[in-house]
Amino acid sequence: MSDPAERQSTAGQRLGAPESFGVSTLEPGTHPPTQPAGRQVSIRVQMLDDTQEVFQISQRSHGKVLFDLVCVHLNLTEGDYFGLEYQDQRKMTVWLDLLKPTLKQIRRPKNTILRFVVKFFPPDHTQLMEELTQYLFALQIKQDLACGRLICNDTSAALMVSHIIQSEIGDFEETQSWQHLLHNKYLPDQDAIRDKIIDCHRKHVGQTPAESDYQLLEIARRLEMYGVRLHPAKDREGTKLSLSVAHTGVLVFQGYTKINAFNWAKIRKLSFKRKRFLIKLRSDPANSHHDTLEFAMASRDCCKVFWKICVEYHAFFRLFEEPKPKPKPILFTRGSSFRFSGRTQKQIIDHMKDSEIKRVPFERKHSKILSNSGMSPQSSSCRSQVPKESASLVPLADQPDAVRLAQEVKSKGSEELPATTPPINGFHDGTLLSSDPTRRNHNGTGSAPGQQLLNQEIPGSEDSPQASPLVVVISSVNGQEAGSVLGQVPEGQQLTPLTSPLLTDAGYIRNDEEEEARRKKFPTDKAYFIAKELLTTERTYLNDLKVITESFQRTVEKDEAFPASLRNLMSSHYDPIYKFHQGFLKETEQRLAQWEGRSNAHIKGDYQRIGDILLKNIQGLRQLTLHLQKHSECLVELERACRTSRKVETLCRDFEQQRICYLPLYIFLLRPLHRLLHYKLILERLCKHYPPTHDDFRDSRAALAEISEMVLQLQGIMMKMENFQKLLELKKDLTGIENLVIPGREFIRLGCLSKLSAKGLQQRMFFLFSDCLLYTSRGMTPSNQFRVHGQLSLYKMTIRESEEEWGVPHSFTLFGQHQSVVVAASCESEMEQWVEDIRMAIDLAEQSSLPDAGLLSTSPAENKLSEDGGAELESEEELSGSRSSLERQSHRGNTTVHVCWHRNTSVSMVDFSIAVENQLSGNLLRKFKNSNGWQKLWVVFTNFSLFFYKSHQDEYPLASLPLLGYSVTVPAESENIHKDYVFKLHFKSHVYYFRSESEYTFERWMEVIRSATCSTSRSLPSTRKDVY
């Protein structure tokens, strides 16, 4: 590589890489690829940020060595999505072949510049698990827009450019935004839609650069020209067309309009003969196309270039692993020896899941400042806001045997939080969090028109420093730390977007003494915190109602396929509830504002009570009981509409993929019934706290009596609908079953067990119902459904512990009427829970009159066939025709079923019922294991997961953390967490600290999280177990 003295810093350092080498994309490790001995040659590579780097390679080394050097240089783990392209001597743009010597492909290396660009465009950017990869994809989209390759309408173009500008300069300011657009070119015809760009930018206030990148990729991936590289051709009639290849197959364009698409499943063979490109299709009587399609291209070389990229696309997106090289023929060769080299997408995803590699934390920051001649550098720096330190998002897929949450990110969800470490020790600031790393807006100084920032997190002390009139920032240049003052540039060094020092939190920081003084001004009575819990959970509940009454209603109104009667039914029974709780929330907010008023908070007054408001509103809610009773009918009718109409089913599925629908749609429909339980529990705690002589005791007791009567009246409907909703959700997670949802069938438990077969113990997912037991496995592709292998009828089933018989710990044998199965649990407590529930289910089956309905859609022999080999026996053709194929992944990778599979645990219907009661919302301070500050987040606990927001006003969560398998404890003395009310969440090597504001809230968070994390604490309260 080039001498560091030739330039100020390397691209790897500017993108947050450490001084040592990172991880090779093809051969994961910690050292650069070895090179054969020989003379060294300099190769120049242009990165996606338009900077150029020089790499030294041996003249005999293959293309893979150079490509690995680039990826190591950037510390890029998911490098297989990228490639190196260059212009050959024929002036054709071709990809560097990783299996051939570099200098045999590049004849004149001194005059050739290779470009590091995106080669494979996945259908969904949330499949990219590293933030660095997503950032590089955003740079690629920006390039495609600027060169006119990504064609779209003006609205989409303006929206994408506005997100780019937001990521570069931050929030909208009239003069600055206009100047920025004048000095930078993002579109070939940018001037024509400048006003529209400005209008869009105006709406992005508060949006962080990482969020802007996410939105940019989200818009781009929906465009028809996303990732399309056109290759000119003609059909048999001589009509000018263009061919392209995508993850789905081969596409045909006329101009910029796609006129045909040939899916990989339909293509039998791709070949070329001279300058004719041939597509041979599988025979299909219903297909009007010829078996062989022929396209004429400009030359044989053009055909070969397109054929090669088709071969690579097919292998990357369709194969499970890299194809093996063909054996060398003895006498003569026939056909091309070209093959795809590198990991397939399947291998990348599996590697990211199973890898123990520690991610290099970096931060995404605003990368430009305005070129304003009227502003001095000093004044410009004073106007800037300082971003917060951050690290990369660690998704669930990063853990061994763990599902990715996606971003998700939208993405809907991810397991690990972005590791942000702002030095904040209180609840006073609304700090930003996203599923991408977060920070405040920052306008850097003296940056050239360049790119966006990714900076490495710098370890710091536990507590924040005192505020200082000068903001000192730390930068790392070539591994050495250097101090400077914000607004000043070290002598002889130009501050550019990618070499700007990492800016830590600055401004006025509240210290611990001030924080304690602030807390003392607020009420400390337990009743206040109970009332505050009512307020925080009511805010979350109203947001959940809004999903049905506004977002979903708005969606179905646009689609004529959705039955008008069902739309009116839902509107008439949910809108009154929503309007009622809007008033309830407003009253509660006003009362809490009075209760915690600073001027008179220490004085006891009539406003320091909440029972009167609860009594008044619960009495008002009783008038809406008829609407609550009709919610079960809404759920049943919606399920019937989805079952009878494919369009309605697609509509609901698409709605669930929106980020605002962070839970399954059916759960939102049951929220009003569940909320009654929350009111009851809050009032029980309030009445237990108050002495009988308290002014608020009488109203609280009256309100508790009212809500208890309502719960008792609706208990039967609630239990029935919870079971119905769970069966509907399981139906989406399973494939190969029929009539899962039938009257009388009750769900009891699901979870992971090891099944003993001819090949030994194999991981299987078991589903226990009141009449049968299913066992399933997950396919080889990252699909979102479990394939059913078999079922056992519970009628006359017996169960026996068999650890001594088979020598397998925690094993037991199930003896059915037709077959026996030996299974093993992960631990003794898991085995006891399974045995207890199976025995209870056997008793239910003996007493039930439910017919022994078969669930399998295929014969037992067919399902038994793949039992020994699991999903490995599935062929590529079978996968391509199923819903679980790679290109049709859905968002259901974060369901409870998948979390149980990856964390080798189980949950029961009892656990789900307890989780319904144990929902909690509120502000928490969050800290990572190696971070040096606390960040304020709005946290919602529901459905066994923590969902994280910037504030309670956000419409959708920006990250999530499934808690099944986690442990919750209090930090040890050796962990140096010298704060009150802190609890610790840990799973394997992942550790998080959360800090609450009072002893009451600390105990409440510990209580509800234990209900999801500790199976031994899932004891059953009151009469919830009576359903069984």
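Two strands are taken as paired if DSSP finds at least two bridges between them. With that criterion in hand, the hairpin of E6 and E7 in this predicted model can be examined. Strand E6 covers residues 231–234 and E7 covers residues 240–245; the two run antiparallel and are joined by four bridges. Five residues lie between the strands of this hairpin, and Gly-238 adopts a positive phi near 85°. Within the pairing, His-231 stands opposite Leu-243 in E7. The side chains of E6 alternate along the strand: those of His-231 and Ala-233 point to one face and are buried, whereas those of Pro-232 and Lys-234 point to the other and are not buried.

A second region is an open sheet of seven strands, ordered E30-E29-E28-E27-E33-E32-E31 with antiparallel pairing. Strands E30 (959–962) and E31 (967–969) occupy the edges; each has a single partner strand, so one side of each lacks a neighbour in the sheet. On average, neighbouring strands of this sheet are turned by 35° against each other, with direction ignored. Inside the order, strand E27 (residues 920–928) runs antiparallel to strand E33 (residues 990–995), and four bridges join them. Here Leu-925 stands opposite Arg-995 in E33. Helix H13 (residues 526–557) lies across E27 and strand E28 (935–942), running at about 95° to E27.

Finally, the cysteines may be considered. A disulfide requires a pair of cysteine sulfur atoms within 2.5 Å, and the count by this rule is zero. Cys-900 illustrates the point: its closest cysteine sulfur, in Cys-752, is 8.1 Å away and therefore too far for a bond. Cys-900 is also buried, with a relative accessible area of 0%.

Key
Residues are numbered from 1 along each chain as its sequence is written. This is a predicted model: local features need pLDDT of at least 70, side-chain atom pairs count only at pLDDT 80 or more; totals for chains, interfaces and linings use all residues. Side-chain values use heavy atoms; hydrogens and water are left out. Buried means under 20% relative accessible area, exposed over 50%, partly exposed in between (1.4 Å probe, protein chains only). Axes are lines fitted to C-alpha atoms, for helices over the stretch in contact, and angles run from 0 to 180 degrees between N-to-C directions. Contact means heavy atoms within 4.5 Å.
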